[in-house]
Amino acid sequence: MNPPEHKEIRQLARRFLEEAEPALAEYEAREAFPWPLVRRMGELGFLGVFVPEELGGAGLDFWAYIALLEELGGYASLRSILSVQQSLVLTPLLAYGTQDQKERYVPRLARGEVLGAYGLTEPEAGSDAGSLRTRAYRERDHYVLEGQKTFISHANVAEVFLIFAKTDPEKGNKGITAFLAEREDGVRTTPLKGKLGLKAADTGMIFLEGVRIPKERVLGGEGDGFKIALSTLDTGRISLAAGAVGLMQRALDLSLAYAKERHQFGRPIAAFQLVQAHLAEMKVDLEASRLLTYQAVAKKLRGERYTLEASMAKLFASEAANRVAYRAIQVHGGYGFFEEYEVARLYRDARILTLYEGTSEIQKLVIGAHLTGIRAFSH
Ligand code: CAA
């Protein structure tokens with residue numbers, strides 16, 4: 001498999017990161033959202049990579065987006081902003097939006113003038129996403145939304161919210177509808193602080209208390225919400241896998257450099273077989289994850305259903321990123337335990353990857369259902 005290299009966008013990303021790194025470290029330390037860096041990413045076209053130019057995007061292909069996610073993968077707070085905006089918000093807008101909806105939202109999102117959020121998870125509906133309780137009541141040409149969402153990336157910084165709510169609870173997950181809500185509609189949010197990683201990324205809760213949405217802001221049709229949610233997560237999962245690949249690459253690069261520079265017993269530690277074993281395992285985890293990710297992307301781009309491939313890539317790459325980050329600290333020894341060394345942040349940032357956009361356990365059940373034809377998660 002030989003995807004386009006996209007050298008230019010990779011170089012652009014590296015130059016951006018060189019400039020952004022010191023500022024990002026400060027935002028991470030303060031758990032603050034890096035608005036100036038988001039604005040800069042918007043100017044560079046990073047927030048609408050595969051969005052057509054006529055809709056305000058960079059007009060590149062999906063591989064360019066994957067290349068960018070790899071480059072930014074070692075800076076997971078920034079990578080996460082890219083993924084939420086493009087995989088979770090722009091992707092469903094482009095796939096299911098009406099012309100009016102696209103014109104209203106896509107250009108501003110693609111240029112990074114506003115941010116979007118994906119509101120699926122609720123306090124009582126995590127892995128069992130179909131059991132969500134947020135309700136949407138029809139009132140003439142409006143819907144009224146009532147409910148709560150939690151663990152939502154961009155909750156406090158977004159202007160546009162893709163909200164999944166039940167319009168017809170009797171119909172189970174076929175009674176779920178997707179809505180495009182705006183902060184100005186009265187969407188209230190509150191931050192969730194104290195995360196282990198992704199410290200410069202925003203996370204919060206969304207409160208919907210009598211939020212009135214015109215019927216023109218239903219995305220897709222009434223009852224299509226769950227399919228929209230899950231098909232969107234397929235794209236989300238490959239973008240997380242690409243981010244994990246980037247994180248592993250960064251961990252390996254740092255570990256290699258350190259192993260050559262650090263001397264013990266009169267030799268660089270890179271000369272020791274046990275250190276080489278760590279580096280070799282890291283490289284294999286990295287390349288296997290990359291191949292699974294590219295396989296899923298290639299199937300998506302052929303227009304075929306790629307749920308299985310997305311789950312395999314996400315499962316393997318997210319678990320591998322944790323193994324690789326562990327080994328990176330092992331190679332760095334006691335120094336790696338200090339925040340001064342970047343591998344400490346990589347270790348913290350890797351941890352979320354096996355949890356969000358479907359835990360490793362959910363990915364295994366999705367894969368298991370494909371293999372056996374038996375769904376372990378049926379109600
Ligand atoms: N594309 C299109 N349709 C799809 C689809 C896809 N990828 N996946 C499922 N569907 C369809 C199914 O075909 C089915 O339709 P039919 O009944 O007509 O066949 C319907 O959607 C329902 O699918 P399932 O019956 O498989 O659904 P389920 O209720 O049994 O649940 C699940 C499946 C796999 C457990 C699912 O609930 C799931 O993935 N849970 C994890 C949720 C998750 O990943 N949450 C992450 C939140 S987002 C997040 O973390 C964001 C962030 O802020 C970064």
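Between which two domains does the largest cavity lie? Keep that in mind as you explore this predicted model.

**Stop 1: the cavity**

Start by selecting Arg-79, Ser-80, Ser-83, Val-84, Ser-153, Leu-240, Tyr-356 and Glu-357, which line the largest cavity. Its space comes to about 30 Å³, and the count of cavities of 30 Å³ or more is 1. Try colouring the lining by residue type: you should find 3 nonpolar, 3 polar and 2 charged residues. Now show helix H4 (residues 76-96), which contributes 4 residues, the largest share of this lining. Here is the answer to the opening question: domain 1 (7-114) and domain 3 (227-372) both provide lining residues, so the cavity lies between them.

**Stop 2: the largest nonpolar core**

Next, select Phe-16, Met-41, Phe-46 and Leu-78, the residues with the most contacts inside the largest nonpolar core, which has 41 residues. To see where the core's residues come from, show helices H1 (7-30), H2 (35-43), H3 (62-72), H4, H6 (225-261) and H7 (273-301), each supplying at least two of them. H3 gives the most, with 9 residues. This core also lies between domain 1 (7-114) and domain 3 (227-372), because both give residues to it.

**Stop 3: around Phe-16**

Zoom in on Phe-16. Which residues does Phe-16 contact, leaving aside its neighbours within four places in sequence? Select Leu-37, Arg-40, Met-41, Leu-44, Phe-46 and Leu-78 to see them.

**Stop 4: another core**

Finally, select Ala-76, Ala-320, Ile-329 and Tyr-356, which are among the 33 residues of another core, apart from the largest one. You have met Tyr-356 before, in the lining of the largest cavity.

Notes
Residues numbered from 1 in each chain as written. Predicted model: local features only at pLDDT ≥ 70, side-chain atom pairs only at ≥ 80, totals over all residues. Heavy atoms only, no water. 1 Å grid on protein atoms, 1.4 Å probe; cavity = no way out; pocket = protein on both sides within 12 Å on 5 of 7 lines; lining within 4 Å. Points joined across faces, edges and corners; volume = space filled by probe spheres on them. Helix = DSSP H or I, 4+ residues; strand = E, 2+ residues; numbered from the N terminus. Nonpolar A, V, L, I, M, F, W, Y, C, P; charged D, E, K, R; others polar. Domains from an automatic or database assignment. Core = buried A, V, L, I, M, F, W, Y, C linked by side-chain atoms within 4.5 Å. Buried < 20%, exposed > 50% of the residue type's maximum accessible area, 1.4 Å probe, protein only. Contact = heavy atoms within 4.5 Å.
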